[in-house]
Amino acid sequence: MESAIDIKQLTKVYDGKVSALDGVDLTVKEASIFALLGPNGSGKTTLMRILTTQIHPTTGLARAFIYDVVKDDDEVRKIIGYVPQEMSVWTDITGYENLLIYAKIYGVSSNRRTKAIWDALQNMGLEDVANGSVKKYSGGMIRRLEIACALLIKPKILFLDEPTLGLDPSARKAVWESLRSFKKEYGTTVFFNTHYMDEADLYSDEVAIINRGKIVKTGTASELKRSLHSEIISFRLADNGSKSGHPAAASLKRESDALKKIRTLNLVEDAVVHDSIMDVAVENGEVAMPLIIDVLRSEGISLEWIRSSKPTLDDVFLKYAGMRDRSG
Ligand SMILES: Nc1ncnc2c1ncn2[C@@H]1O[C@H](COP(=O)(O)OP(=O)(O)O)[C@@H](O)[C@H]1O
Ligand SMILES: [Mg+2]
């Protein structure tokens, strides 16, 4: 597959002293949804401003398809759409009127304008409110209108800076459902910045984690989660004392025998017992769990409960960006 975005050793130093990007290498596949995830001040907006030709990098290269974002900036602007973090529509006019202004700015020819506007409104589910004042729109509707404006030229790459910042969960979902169906229809590449882990997890094909201007990890959300630590399955062992007169010793022997066998299972990385709870680190809990239960049964150990905990993208962020984001 062709890459929609190719970035090589990109740096940005503001005013000769603030290093915002520090050697970024990144490739984004065509027609994918790509999430750039990072804490505040990590360089997300800077990177997006460079890719959308608003500012120049200090050193390094970036391309949108075959076009260099510095040398071919006019060409780049023809194939991209951009929704900034700040509000980008006028609230004292209607949604339709906003789109008309943007259609003129983007140079959509007058005979194609009406259709382009209604297509964009439909893509974002705004036909019914098109002629209402934006003042009366909810936050989610305003965001969808801003995206509709960026979709007027049916861009090959759509850049979204924190697209759902401050929206409630149902509005976020509505934004993403519209975006996904647009992407499916037109094969658009979507590049978005976020500090919401769950958004990267739910909606992106690939994620890159940026911290202090450096890409610290890339992969699919599930690859990142798997790269972290394994799933831990905890087994609460029932009181397995026998009537032999040495219940504790017999029980301990059974536990240690079971532990040895469980450690030799292929999918098991490690196993320990503490306070009648056996914690087993595994690669794949769904597959490993029945095998472990079989071993415990064969050793005559019964169970009170089983609990499993999988790593979340939060854990990945914590590890690679060195902090847990609390602003979302
Ligand atoms: N125009 C600017 N002038 C000077 N420093 C800036 C400017 N824009 C951003 N920065 C600095 O660059 C770093 C990265 O900022 P930014 O790209 O906005 O991060 P993010 O979008 O991840 O919050 C921060 O330290 C920020 O203060
Ligand atoms: Mg930002």
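## Exercises on a two-domain model

The domain assignment of this protein gives domain 1 (3-227) and domain 2 (230-309). The model is a predicted one, and the exercises below walk through parts of it.

**Exercise 1.** Work out how far apart the centres of domain 1 and domain 2 are.

*Solution.* Take the centres over C-alpha atoms; the separation between domain 1 and domain 2 is then 49 Å.

**Exercise 2.** Decide whether strand β9 (residues 206-211) is largely enclosed or open.

*Solution.* Start with one side of β9, where E206, A208 and I210 are buried. Now turn to the other side: V207, I209 and N211 are buried as well, which leaves both faces covered. Six of the six residues of β9 are buried, so the strand is largely enclosed by the rest of the structure.

**Exercise 3.** Find the strands that pair with β9, and the sense of each pairing.

*Solution.* Begin with strand β3 (residues 33-37), which pairs with β9 in the parallel sense over four bridges. Here F34 has E206 of β9 as its bridge partner. Next comes strand β10 (residues 214-219), whose pairing with β9 is antiparallel and runs over five bridges. In this case N211 is bridged to K214 in β10. Finally, look at the turn: β9 and β10 make a hairpin with two residues between them, and R212 in that turn has a positive phi of about 45°.

**Exercise 4.** Classify S227 as buried, partly exposed or exposed.

*Solution.* First place S227: it belongs to helix α8 (residues 221-228). Then count its neighbours: 13 other C-beta atoms lie within 10 Å, so S227 is partly exposed. As a last step, compare sequence with space: S227 and V316 are 89 residues apart in sequence, with 8.3 Å from C-alpha to C-alpha.

Conventions. Residues are numbered from 1 along each chain as its sequence is written. Chains are lettered from A and ligands numbered from 1 in the order in which they are written. This is a predicted model: local features need pLDDT of at least 70, side-chain atom pairs count only at pLDDT 80 or more; totals for chains, interfaces and linings use all residues. A residue is buried if 20 or more other C-beta atoms lie within 10 Å of its own, exposed if 12 or fewer, and partly exposed in between; C-beta atoms are placed from the backbone. Two strands pair if DSSP finds at least two bridges between them. Domain bounds come from an automatic or database domain assignment.
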